[in-house]
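Here is a brief report on one protein chain. Please look over the sequence and the model before reading on.

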Amino acid sequence: MNRTRPKQLIRQIVRDLHAYVPGEQPKIKELIKLNTNENPHPPSPKVLAAIKAATDGRLRLYPNPTAQLLREKLAKFHGCRPENIVVGNGSDELLALATRAFVEPAVNRNQRSETVVQFFSPSYSLYPVLAAIHGARTNVVALDKDFGIPPLSVLKKSKAWDFGAALTFITTPNAPSGRGYPTAELESLCREQRGVIVLDEAYVDFADGNALKLALKFPHVIVARTFSKAYSLCFQRVGYFVGHPKLIAALDKIRDSYNVNGLGQIAALATLDDLKHYRANFKTIIATRERLGRGLAALGFTVLPSQTNFILARPPHFPAKAWLGKLRARKILVRWFKYPAVRDYLRITIGTDSEADVLLRAAKGILNR
């Protein structure tokens, strides 16, 4: 009898891994879903029509392996060349590829910077998972209490920040706080950093500015974008990196073949042809964000400034985790994180105006009980 123990067949790193935990997905009807930062509005009618028109005999064929047409259109949109762009199965795939392409595994307790994945805390909780899977070391540096990036002089003086780290992720605007960072501030840090920096701009369409020019100015800077949050294509999983052709070529070497599905490519292309529709949506979401923030503040919540499609708010009277349960009992899903810097807060996705009204009524009802 074969006595092989399946557990022993799994890499120790994977056995010890704490996997990324996505937001709760509704299992019952009529839940208001404000926990995963999805766009409350559907794709534009033109995008939906393009997807429907493509559900024909092409489904038996492989899609374009490099998303060539999409890369060309994105290059025109951003004022660069197709060689500056790689498209992925969501930006998450590309974050994983960056870890594999630019970071050496920490073999035999190697303490050198070439084995380091660096990021601020709190930020996207996928970063440490990607580092762990790869067997890299992490260097985690706390943001300031207001979730700002510590001044460059402080980072240099404290010696906690590794200016030679192989790969540095910066979520900008920040998640889960929603705070935006001026491009000039990011540029100062990029100028000092020697390893690769990925500026993760998943929420940038809801912000006052962006740092894309830094990816075209510095050879070690990459900007990550996604069609999920702002462009209502979470279901299709399309993201992209903009950066120096040498870095992009390295990522292209190790990506999966046919990594971006054909319908996703078509949807993204149609999206870029209908930007006027989406820019109107951005304005609507931002207006709802500001109105919801004012409404929650009037109820005693401490609402942090946001440059994203969500807000981070500290609720009154009860712990944030208790509020999570109380809102869920009223069929409203929001997000709570156990991490010390944010465990007193709720992260609330900006939904429709009517969903914001339901949330405000529910919060008022909880406070009046």
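## A helix pair

Which residues in H2 meet which residues in H10? On the H2 side they are Lys46, Val47, Ala50 and Ile51. On the H10 side they are Leu263, Ile266, Ala267, Ala270 and Thr271. By class, the residues of this contact divide into 7 nonpolar, 1 polar and 1 charged. The model behind these statements is a predicted one.

H2 spans residues 45-53, and H10 spans residues 262-272. Their axes lie 9 Å apart, and the packing angle is about 150°. Angles over 145 degrees count as roughly antiparallel. H2 and H10 are therefore roughly antiparallel to each other. Their crossing is right-handed.

## The sheet

The strands S2-S8-S7-S6-S5-S3-S4, in that order, build an open sheet of 7 strands. Pairing within the sheet is mixed. S2 (85-88) and S4 (137-142) stand at the edges. Each has a single partner strand, so one side of each is left without a neighbour in the sheet. From one strand to the next, the twist averages 20°.

## Strand S5 and its partners

S5 covers residues 167-171 and sits between S6 and S3 in the strand order. Its pairing with S3 (residues 116-121) is parallel and runs over 3 bridges. In that pairing, Gln118 has Thr168 of S5 as its bridge partner. On the other pairing, 5 bridges join S5 to S6 (residues 196-200), and these two strands also run parallel. Leu167 has Val196 of S6 as its bridge partner. Ile170 has Leu199 of S6.

Is S5 mostly covered or mostly open? The strand is mostly covered, with 5 of its 5 residues buried. Both of its faces are covered. Leu167, Phe169 and Thr171 are buried on one side. Thr168 and Ile170 are buried on the other.

## Helices on the sheet

Which strands does H7 lie across? Helix H7 (residues 183-192) lies across S3, S5, S6 and S7, the last of these being residues 221-226. H7 runs at about 160° to S6. That angle is over 145 degrees, so H7 and S6 count as roughly antiparallel.

H9 (residues 245-254) also packs on the sheet. This helix touches S2, S6, S7 and S8, where S8 is residues 239-242. The direction of H9 makes about 30° with that of S2. An angle under 35 degrees counts as roughly parallel, so H9 and S2 fall in that class.

## Two loop residues

Thr172 is found in the loop between S5 and H7. Is Thr172 buried or exposed? At 4% relative accessibility, Thr172 counts as buried. Leaving out residues up to four places away in sequence, Thr172 touches Tyr181, Leu186, Leu199, Asp200 and Glu201. Of these, Leu199 is also the bridge partner of Ile170.

Asp144 lies in another loop, between S4 and helix H6 (152-158). At 32% relative accessibility, Asp144 counts as partly exposed. Beyond its neighbours within four places in sequence, Asp144 is in contact with Ile149, Pro150 and Pro151. How far from Asp144 is Arg343, C-alpha to C-alpha? The two C-alpha atoms are separated by 16 Å, although Asp144 and Arg343 are 199 residues apart along the chain.

Conventions
Residues numbered from 1 in each chain as written. Predicted model: local features only at pLDDT ≥ 70, side-chain atom pairs only at ≥ 80, totals over all residues. Heavy atoms only, no water. Axes fitted to C-alpha atoms, helices over the stretch in contact; angles between N-to-C directions. Helix = DSSP H or I, 4+ residues; strand = E, 2+ residues; numbered from the N terminus. Parallel < 35°, antiparallel > 145°, perpendicular 65-115°, else oblique. Left-handed = near helix turned anticlockwise from the far one by under 90°. Contact = heavy atoms within 4.5 Å. Nonpolar A, V, L, I, M, F, W, Y, C, P; charged D, E, K, R; others polar. Buried < 20%, exposed > 50% of the residue type's maximum accessible area, 1.4 Å probe, protein only. Pairing = 2+ DSSP bridges.
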